[in-house]
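Work through the following exercises with the sequence and the structure side by side, and try each task before you read its solution.

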Amino acid sequence: MYAPPVQRLITELSKLPGVGGRTAQRLAFYLLRASEEDAGALADAIREVKERIGLCEVCFNLAEGPTCRICADERRDPELICVVEEPSDVISIERTHEFAGRYHVLGGALSPIDGVDPDDLKIAELFLRVEADQVREVVIATNPTTTGEATALHIADGLRRRRPELAVTRLASGLPVGADLEYADELTLGRALSGRRAV
Ligand SMILES: [Zn+2]
């Protein structure tokens, strides 16, 4: 239907998350209309990010060079580690300005159905890190989903067996700020109730 180079572009674009065939087609036509300069800038940005950005050898966050900016920052508390699923979660937590420790990025969550086992994530690396360094608390900030919860339990269990005195915490699940109780679903309200704290 299309010339092979156009079909190839549509095929590649449709591999992007959230991009279906129709959107891939629309993006391809947008790029065909775009100036040589704009299309080239996009291609160069993709190439550059793949060449220059890798994973931090300590925490597996995205890094330009061997370690990420957070691991390289000596003001960050090395005894406090926040465990997240993806590098984008680091950005979300950094935006709160509430966390002054370091991170550990797992690279996903445990999901036996999808074939994601502990060996596929940076879990062994976390255990090594906690055993080797002076760590006093690990905050598990995996997503409040079935896979995120399973991952949190697996990690908490492994940490407790290796370092029984270590504080292992989980992000509180709560109510969205600015919302009424009557609009919260039972699961969220139930979690907010069980995670209540003194005021
Ligand atoms: Zn790092």
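**Exercise 1.** In which loop is S111 found? Decide also whether S111 is buried or exposed.

*Solution.* Keep in mind throughout that this is a predicted model. Following the chain, we find S111 in the loop between β4 and α6. The next step is to compare its accessibility with the cut-off: a residue counts as buried when its relative accessible area is under 20%, and S111, at 8% relative accessibility, is therefore buried. Finally, we look for its neighbours, leaving aside residues up to four places away in sequence, and find that S111 touches V116 and T147.

**Exercise 2.** Work out what the order of the strands is in the open sheet of 4 strands, and which strands are the edge strands.

*Solution.* Reading across the sheet, we obtain the order β4-β3-β5-β6, with parallel pairing. The edge strands are β4 (101–105) and β6, since each of them pairs on one side only. From one strand to the next, the twist averages 25 degrees.

We can then examine the pairs in turn. Strand β3 (residues 77–84) runs parallel to β5 and is joined to β5 by 4 bridges, and here L80 has E137 of β5 as its bridge partner. Strand β5 (residues 137–140) is likewise joined by 4 bridges to the parallel strand β6 (residues 167–170), where V138 stands opposite V168. Between β5 and β6 the chain passes through helix α7 (residues 146–162), and this β-α-β crossover is right-handed.

**Exercise 3.** Find which strands helix α6 lies across, and which strands α7 lies across.

*Solution.* Helix α6 (residues 123–132) lies across β3, β4 and β5, and its direction makes an angle of about 150 degrees with β4. Helix α7, for its part, lies across β3, β5 and β6, running at about 175 degrees to β6.

**Exercise 4.** Identify which residues coordinate the zinc ion, and determine what geometry its site has.

*Solution.* We begin with the donors, which are the SG atoms of C56, C59, C68 and C71, placed at 2.2 to 2.4 Å from the zinc ion. In sequence, these donor residues follow the spacing C-x2-C-x8-C-x2-C. For the geometry we turn to the angles among the 4 donor atoms, which are 103 to 117 degrees. Four donors count as tetrahedral if all angles lie between 85 and 135 degrees, so the site of the zinc ion is tetrahedral. As a last step, we check the surroundings of two of the donor residues, and find that both C59 and C68 are buried.

Note on methods:
Residues numbered from 1 in each chain as written. Predicted model: local features only at pLDDT ≥ 70, side-chain atom pairs only at ≥ 80, totals over all residues. Heavy atoms only, no water. Donors = N, O, S within 2.8 Å, 3.2 Å for Na, K, Ca; no water. Tetrahedral: all angles 85-135°; square planar, octahedral: opposite > 155°, others 65-115°. Buried < 20%, exposed > 50% of the residue type's maximum accessible area, 1.4 Å probe, protein only. Pairing = 2+ DSSP bridges. Helix = DSSP H or I, 4+ residues; strand = E, 2+ residues; numbered from the N terminus. Right-handed = clockwise from strand over helix to strand, strands pointing away. Axes fitted to C-alpha atoms, helices over the stretch in contact; angles between N-to-C directions. Contact = heavy atoms within 4.5 Å.
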